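Reader: I'm setting up some calculations and would like a close look at one part, the metal site. Could you take me through that part and then work outward to whatever else in the backbone deserves a second glance?

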Amino acid sequence: MIVRRRWTAAATTAILISAVLSHPGSGSAAPAAPASPITLTATETALVRVQLRDQAQLDRLVATGADLANRPRTRDSRILADLVLTGAQLADLTAQGATAVQIVQRAGDGSRHFADSVRAAQTRTRAGLRAPAADQRTTTAAAVDTLQVQQAYWWTASGQTFLQAQVATTATDDPDVEITVSWRTADGATGSFPLYRFEDSGEYQYHYNLPQPVPNRPVQLTATSSLGGTSRTVTPSLWPNATPPPLPAGYQRDFIDAYLTPVDVQARIKRLARQYRDLVDVIDLPNKTQGYRRNAVAYLGDPAVAAVVVESVRFGDQGMNGVQVRTVDPGRRNRPLTVKYRDRVLTVSLATDTAGKTVSTTDEVAAAINARQPNRFRATVEDGSTGLPMPVAGPARLDDGLQGTEVPAKPWTVQALRLGVHRDGSRVGVLAYSQEHAREWATPLVTLEFAERMLANSRTDPATRELLEQVDVFVIPTVNPDGANYSFNDFNMQRKNLVNHCAGAARDPKNRNSWGVDVNRNYTVGSYFDGYVGASANCLSGTYAGTSELSEAESRNVVALAKGHPNIKFAMNVHSYGGYFMWPPGAYRADGRVTLPRPSIDESTLFLNSARRIVGAIAQERDTVTWPSQTGPVADVLYSAAGNSADQLYYELGIFAWDFEVGNDRWNAATGEWEGVGFQPPFDEAHAESQEYAGGLVELVRVARDYAAAESATG
Ligand SMILES: [Zn+2]
């Protein structure tokens, strides 16, 4: 990718943070690992695993709309959170007691992995539901507590057996209670490990552990607490204990050769529609997005001294890229401040005093431009330049700063694929949609692999053909194409769309990588505007909710498709990363942590039992088992996400609406650590994710078929 222009100011002081990576569960006796310095310049952005000082620091981050990549984990009494941060933000956090532990991914890694994936493609020959914690809450200060084992699950993956438990103590308000789990295997081996306290929004939830390796199938598990409490002994259950039908001989798969940009996705949709004419409709969703476009902008003056930010009212590609702006000294005494636009040059002639010295301030220059040229230009005083003398400066060239060259600069039509033999609303509908978040590059690979598997195999595999006879499948591979284009071409960590609702100083181009709306916080149910947690009113926040519910074309498109096809009963919102499988409720109010209504017992059972089937199907590919601790309602297993689309589909339209976070942590047997994969892993990993989660979506289609059959059987 050719770098044509850069807005980022030259990197300033490097911030050096040294971190010690410790081994899990090894306690103080373990030799310290060598210190590994983590460096990030003030303006550099990276995905960083950070050890937070305490729960209060985490709660503050969530409340202020921090860009959390997954759920913070407690391990060895440390709270670890994956955050997208600039060096300056990291320095702030560090000053408040946090420690950087690992750089998961730097801005720029994505482009390298994208290039690698294209090269690879060129050389390839293709061919538990838990009881609500509130029920167990007591306010007793008794010396001895009672423990309840809420979950105890084991599974084997790639030859290694793992055990995970979730235990609640009645001493909910004592942050120092230590809970230890002891286990015994079928062949008599024994061992133990500590659990860690999980609080959310200031409320005790339970104690749990990351999956622990054990030598064999565990048959007994008991929890004890430092207050003397003991649980009943339980037999851990097999997780997920569901296996999909085996793939028939000749089953076709692996239709993904490289990361796909929105332009590539569009081409793929077109090809599938042509190749499988009898089984496919392409639906143009009704709300065109802004497109890969931005206003053209320039600093008039030097931001380090005194400057005014001048931007075009129209987008740069609408004739405004290259327009020049300057201030001049009229060279005469007692002149007024004037503004003139001629021949694509905006000239501001500064006012002079009786001695002929220029006297206009930055504020006066900005006000004069706004007053005289309101239809062409918007001017704001650069942050820190207020009231300063305006220098003679320029000419500066306005530019939209966009580096992508293959992307058409016009409003974008988001497309959905509709697959099925009967695409008339008579069959139960399943909706799979991905890339609401621009940087989650593996997610459209999942939905497109799924779509092509269904189509290709419907010609060769009777079971797949039967699924497409019974189910009406809708797929939106890229909900947020403008943000995705920006992620591929300009700033790989881009999460939001490309619409800039900022005003005033926040429009300074130094903030260009922080503009946009979080599409998955812009829906109407349990929204920020309703007082729910996990979204922000700050236009620069990673979870900015927009100017109002459904202010964005991207979210309106998802709602329009679901509303326009009332036969849709199941939906999967595909995100990355972390390995989660979730369903409503996805949000709660801060005060008292009151969630959206819990599903009924029957619906909860359907959510969980279907989840186990789908988790089993995902594991069929390369033994990736989504942890029981990460399978459940969003508000319980991840964090509150105000105004998300799954809640919209479930509460507003009665759709069984799930979320995937593809990209499960990988077990490193050598270090005994679970390792995060990030948003744009090397292509081999993204490819593997597409294969395993496409299998999960096929199982979702079977779930829908079985649901419809049961419904019609009971009338
Ligand atoms: Zn996401």
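Author: Let's settle one term before anything else: a residue is called exposed when its relative accessible area is over 50%, buried when that area is under 20%, and partly exposed in between. Also keep in mind that this is a predicted model.

Now the metal. The zinc ion is coordinated by His-437 through ND1, by Glu-440 through OE, listed twice, and by His-575 through ND1, at 2.0 to 2.6 Å. Along the sequence, these donor residues follow the spacing H-x2-E-x134-H. What do the angles look like? Around the zinc ion, the four donor atoms subtend 54 to 138°, so the arrangement is irregular. To pass as tetrahedral, four donors would need all angles between 85 and 135 degrees. Bear in mind that water is not among the atoms, so a site may look incomplete.

Are the donors buried or exposed? His-437 has 3% relative accessibility, so this histidine counts as buried. Glu-440 is buried too, because its relative accessible area is 2%.

Moving along the chain from there, we get to helix 8, which covers residues 442-458 and packs with helix 5, residues 262-275. The angle between this pair is about 10°, and their axes lie 12 Å apart. That angle is under the 35 degrees cut-off, so helix 5 and helix 8 count as roughly parallel. On the helix 5 side, the contact is made by Val-265, Arg-268, Arg-271 and Leu-272, and helix 8 brings Pro-444, Leu-448, Glu-452 and Leu-455. Sorted by type, the residues of this contact come out as five nonpolar, no polar and three charged.

Ala-442 also has a partner from far along the sequence: Glu-685 is 243 residues away, yet the two C-alpha atoms are 9.0 Å apart. Glu-685 sits in helix 15, residues 683-713. With a relative accessible area of 12%, Glu-685 is buried. Leaving aside residues up to four places away in sequence, Glu-685 touches Arg-622, Arg-666 and Val-677.

Another charged residue to look at is Arg-78, in strand 5, residues 78-86. Arg-78 counts as buried, since its relative accessibility is 9%. Its C-alpha atom is separated by 8.2 Å from that of Asp-54, 24 residues apart along the chain.

Now for the backbone. Most peptide bonds are trans, and most residues other than glycine have a negative phi. Which bonds here are cis? One of them runs from Ser-576 to Tyr-577, with omega near 5°, and Tyr-577 is found in strand 27, residues 568-578. The zinc donor His-575 falls in that residue range as well. Another cis bond links Gly-394 to Pro-395, again with omega near 5°. Pro-395 has its place in the loop between strand 22 (377-381) and strand 23 (396-397).

As for phi, Ser-158 has a positive value, near 50°, without being a glycine. Its place is in the loop between strand 7 (147-157) and strand 8 (160-169). Here the opening definition pays off: at 61% relative accessibility, Ser-158 counts as exposed. Leu-550 is not a glycine either, and its phi is positive at about 55°. Leu-550 is found in the loop between helix 10 (481-489) and helix 11 (553-564).

Note on methods. Residues numbered from 1 in each chain as written. Predicted model: local features only at pLDDT ≥ 70, side-chain atom pairs only at ≥ 80, totals over all residues. Heavy atoms only, no water. Donors = N, O, S within 2.8 Å, 3.2 Å for Na, K, Ca; no water. Tetrahedral: all angles 85-135°; square planar, octahedral: opposite > 155°, others 65-115°. Buried < 20%, exposed > 50% of the residue type's maximum accessible area, 1.4 Å probe, protein only. Axes fitted to C-alpha atoms, helices over the stretch in contact; angles between N-to-C directions. Helix = DSSP H or I, 4+ residues; strand = E, 2+ residues; numbered from the N terminus. Parallel < 35°, antiparallel > 145°, perpendicular 65-115°, else oblique. Contact = heavy atoms within 4.5 Å. Nonpolar A, V, L, I, M, F, W, Y, C, P; charged D, E, K, R; others polar.
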